[in-house]
Amino acid sequence: MRGLPEAQFHTLYLDGKMGEVADQELKLEVLHQTHITLVNQSDKADVILSLAPIQNTQQILTLNAEGTVSQYTLYARLSYHASDNLGNELIPPSTLTVTRLYNYNVIQILGKPAEQQLLTHDMQVDLVHQLLHRVLTLHPALGTAAH
C-alpha cells in the first residue's frame, strides 16, 4: 500500500519539535500529501500532535577478531501523543522506534561519518512517515482511531 490514508480531519497543530530534519519532513508531507492545514493555535486545530525530540542512540552489535567494533545498531525513537482541542485523548503516549545496521571499518574512516549521518536522516524520515500513517487514521469527532 503506497501513499498516505485520507485524513478525517482538516486542521493540525504541532506541539513540540522532533529535530530539524524530521520537522521539515513532517511539514512538507502534510502540506504536499494531505488536505490538512497546519494552524498556529491549538484551539483552532481538530488534532493537536504533541512531539518530543527524536532520540538517536547506537549500540555495539559485533566486534572483530582484534576486539574493535565492526558493527553498530543505530536507533531512533520518537515519543508522541495526540488529542483534540477539547483535551480528549486520541492517541495515548506512544513511542515509535526504527533501527538500522551500521558496518564500521577503520580503513574507511573518512566515509563512515557521512554514512552514519545518511542512515540517521533516513531513520528520521521513516519515523515521520510512520507517525503520519498513524495520525491520519484519527477520527477526532469520534475520539478514536479508525480500525
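The legends below describe several close-up views of one predicted model.

**View 1. The whole protein chain, as an arrangement of helices and strands in a predicted model.**
The protein chain contains two helices and eight strands, and, when these elements are read along the sequence, they follow the pattern β-α-β-β-β-β-β-α-β-β. Taken along the principal axes, the box filled by the C-alpha atoms of the protein chain is roughly 60 × 30 × 25 Å. Of the 147 residues in the protein chain, 37% are buried. Among the contacts with a separation of 6 or more, residues 24 or more positions apart account for 66%.

**View 2. Strand β1 and its two parallel partners, β2 and β3.**
Strand β1 covers residues 11-15 and strand β2 covers residues 37-38, and the two run parallel, joined by two bridges. One residue to look for in this pairing is L12, whose bridge partner in β2 is L38. Between these two strands the chain passes through helix α1, residues 20-33, and the β-α-β crossover made in this way is right-handed. Strand β1 is also joined to strand β3, residues 47-51, by four bridges, and these two strands run parallel as well. Here D15 is the residue to find, since it stands opposite S50 in β3.

**View 3. The surroundings of T11 in strand β1.**
Is T11, a residue of strand β1, buried or exposed? T11 has a relative accessible area of 15%, and because buried means under 20%, T11 is counted as buried. The side chain of T11 reaches the backbone oxygen of K44, at 3.3 Å. When neighbours within four places in sequence are left aside, the residues in contact with T11 are I36, T37, V39, K44, A45, D46 and V47, so that K44 appears both in this list and as the residue whose backbone oxygen the side chain reaches.

**View 4. The surroundings of L51 in strand β3.**
L51, which is found in strand β3, counts as buried because its relative accessibility is 10%. If residues up to four places away in sequence are not counted, L51 touches L14, D15, G16, K17, M18, L26, S79, Y80 and L131. A separate distance concerns V21, which is 30 residues from L51 along the chain, and the C-alpha atoms of these two residues are separated by 14 Å.

**View 5. A cluster of tyrosine rings formed by Y72, Y102 and Y104.**
A search of the whole structure finds three aromatic pairs. One of them is formed by Y72 and Y102, whose rings are stacked, with 6.0 Å from centre to centre and 25 degrees between the planes. Y72 lies in strand β5, residues 69-83, and Y102 in strand β6, residues 89-103, so this pair ties together parts that are 30 residues apart in sequence. Both Y72 and Y102 are buried. Y72 also pairs with Y104, and because the planes of these two rings stand at 75 degrees, with the centres 6.3 Å apart, the pair is edge-to-face. Y104 belongs to the loop between β6 and α2, whereas Y72 is in β5, so this second pair ties together parts that are 32 residues apart in sequence. How do the accessibilities of Y72 and Y104 read, given which classes they count in? Y72, at 16% relative accessibility, counts as buried, while Y104, at 25%, counts as partly exposed.

**View 6. The surroundings of T73 in strand β5.**
T73 has its place in strand β5, and with a relative accessibility of 9% T73 counts as buried. Neighbours within four places in sequence aside, T73 is in contact with T57, Q58, Q59, L61, T99, R100 and L101.

**View 7. Helix α2 and the elements that cover its buried residues.**
Helix α2 has 24 residues, and the distance from its first C-alpha to its last is 35 Å, which is close to the 34 Å expected at 1.5 Å a residue. The residues of α2 that are buried are K112, L119, T120, M123, Q124, V125, L127, V128, L131, L132 and V135. What covers these buried residues includes α1, β3, β4, β5, β6 and β7. One residue links this view with View 4, for L131 is among the buried residues of α2 and is also one of the residues that L51 touches.

Terms used:
Residues numbered from 1 in each chain as written. Predicted model: local features only at pLDDT ≥ 70, side-chain atom pairs only at ≥ 80, totals over all residues. Heavy atoms only, no water. Pairing = 2+ DSSP bridges. Right-handed = clockwise from strand over helix to strand, strands pointing away. Buried < 20%, exposed > 50% of the residue type's maximum accessible area, 1.4 Å probe, protein only. Polar contact = N/O pair within 3.5 Å; in protein donor to acceptor, adjacent residues only side chain to side chain. Contact = heavy atoms within 4.5 Å. Phe/Tyr/Trp six-rings, centres within 6.5 Å; stacked < 30°, edge-to-face > 60°. Expected span 1.5 Å × (residues − 1).
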